[in-house]
Amino acid sequence: METKTQLVPPKMATGGVTAAPPGSAPPAISSPSVNGPVMGPAGGAVPMIMPGMGEGNETLPMFGNRIAQTINSGFLTLSLAAGYRTGLFAALARYEGEPRTSQEIADDTGLKERYVREWLGAMVTGDIVEQDEDDKFVLPPHRAAFLGENGFGSELLILASALPMQSKVFNNVMDCFEKDGPNGVAYDHYTEFHHFMSLMSNVWWEKHLIPTFVPSVPDLRDQLESGISVLDLGCGEGGASILLAEHFPKSKFVGIDLIEDPIKHARAAVAEKKLSNIQFEVMDAHKIPESWNSSFQFVLASDSLHDMAHPVQVIQIVKRILTPEGRFSVLEVNAHSQIRQNKTMPYASTFYTNSLFHCMTVSLHAEGGEGKGNMWGREDTVEALKEGGLKVLFVHTPEGWFNVHYLCQK
């Protein structure tokens, strides 16, 4: 007698599997494990396809394996961050394909061999570092070119460091989920975030700010060379405005940020470079003084407007401090405002997660904060700029960057 497989709808109360029909044995289903994915009906002969299981008739085993791979990759990302932070990737790249023992690597980097060896275990099983029969380790040349110092993957290694950094506020954010919990997490809990953002942004600024970004704003280079006043709004450690100040000595630059620590770093960099045409101030963008009215020919807000408690209020203030012909450049993540439209966007889930653990929650912590988050998207950003009284001249995607550039004018 032929046995037919009965397809049954999932039940949330039983973890997605209904009870077995009367008189039949329950299906043997197990989750992916560290010993390998063992899933599906007994014997693994028939995939459990259920109605509504997702695009492309994704099966329960397929989904389970995908989740298992995602979790494994998450743990591997911690080790990637460790390799970047300790300089181990830079060291392996310097060996130019010559195998070394874990002790030799430890001696070269000034690290403990036992920790280096365990880290190498993650790298070898993660298919990043190779191990030969003599128990020596090597980073193949093409991987060294990507992971080595100033390699092609520099931005991704910096991004990997966001995972351990954001994990420090995990419990704080979990408290915010509760209906009677706090609205958000204060900036005080983010001791490393501004430096992380500085490292991320500076990779792009150093490559593109002067040769491509400045020319993308009509007549801006000529104005900067002649001498204008520029405000860097939410400047962090001031990477962009310091570069501009170095290249355009006739112009005056001011950077403001709500947090004192990045301003200290910015001031130290100015002192080291002996620049006299730039200053940094600890200031809330919502409280820019009336004395600054009509003072700036150009205002830059890079990855900062979405962090503000009330972006439209800040945009209205920017309009107030711009000269009659002044312009405002806003750089924000190149996303749509509707979640479903971002499914094919590269790194979308990374941006949403970073927003959940920083951007959205710091905004919500402020009194009445709107919590736009870094994925508030093109449509809502354009609407906010117009609501703030500005004319959007163009929306442009800069070369080699995950942001979109909104150029605005009074």
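**Exercise 1. State which residues are linked with Asp-127 in a network of salt bridges, and how many salt bridges the whole structure holds.**

Solution.
Step 1. In this predicted model, a network of salt bridges joins Asp-127, Glu-130 and Arg-143.
Step 2. A search that covers the whole structure returns 13 salt bridges.

**Exercise 2. Determine where Glu-113 and Arg-117 lie, and classify each residue as buried, partly exposed or exposed.**

Solution.
Step 1. Glu-113 and Arg-117 form a salt bridge, in which the closest N and O atoms are 2.7 Å apart.
Step 2. Both residues belong to helix α4 (residues 113-125). They are four residues apart, which corresponds to about one turn of the helix.
Step 3. The relative accessibility of Glu-113 is 18%. Buried means under 20%, so Glu-113 counts as buried.
Step 4. Arg-117 has a relative accessible area of 37% and is therefore partly exposed.

**Exercise 3. Explain how Lys-264 and Glu-260 are placed in their helix, and classify Glu-260 as buried, partly exposed or exposed.**

Solution.
Step 1. A salt bridge connects the side chains of Lys-264 and Glu-260, with an N to O distance of 3.9 Å.
Step 2. The two residues are four residues apart in helix α12 (residues 260-273), so about one helical turn separates them.
Step 3. Glu-260 has 47% relative accessibility and therefore counts as partly exposed.

**Exercise 4. Identify the parts of the chain that the pair Arg-320 and Glu-290 ties together, and classify both residues by accessibility.**

Solution.
Step 1. The side chains of Arg-320 and Glu-290 meet in a salt bridge of 4.0 Å, taken from N to O.
Step 2. Arg-320 is part of helix α13 (residues 311-321), while Glu-290 lies in the loop between β5 (278-282) and β6 (296-302); the pair therefore ties together parts that are 30 residues apart in sequence.
Step 3. Arg-320, at 22% relative accessibility, counts as partly exposed.
Step 4. Exposed means over 50%; Glu-290 has 56% relative accessibility, so Glu-290 counts as exposed.

**Exercise 5. Describe the protein as a whole: its helices and strands, its buried share, its contacts and its exposed area.**

Solution.
Step 1. The protein contains 15 helices and nine strands.
Step 2. It has 410 residues, of which 44% count as buried.
Step 3. Among contacts with a separation of 6 or more, 66% are between residues 24 or more positions apart.
Step 4. The protein exposes about 22,200 Å², and 54% of this area is supplied by carbon and sulfur atoms.

Definitions and conventions
Residues numbered from 1 in each chain as written. Predicted model: local features only at pLDDT ≥ 70, side-chain atom pairs only at ≥ 80, totals over all residues. Heavy atoms only, no water. Buried < 20%, exposed > 50% of the residue type's maximum accessible area, 1.4 Å probe, protein only. Contact = heavy atoms within 4.5 Å. Areas by Shrake-Rupley, 256 points an atom, 1.4 Å probe, with all protein chains shown as cover.
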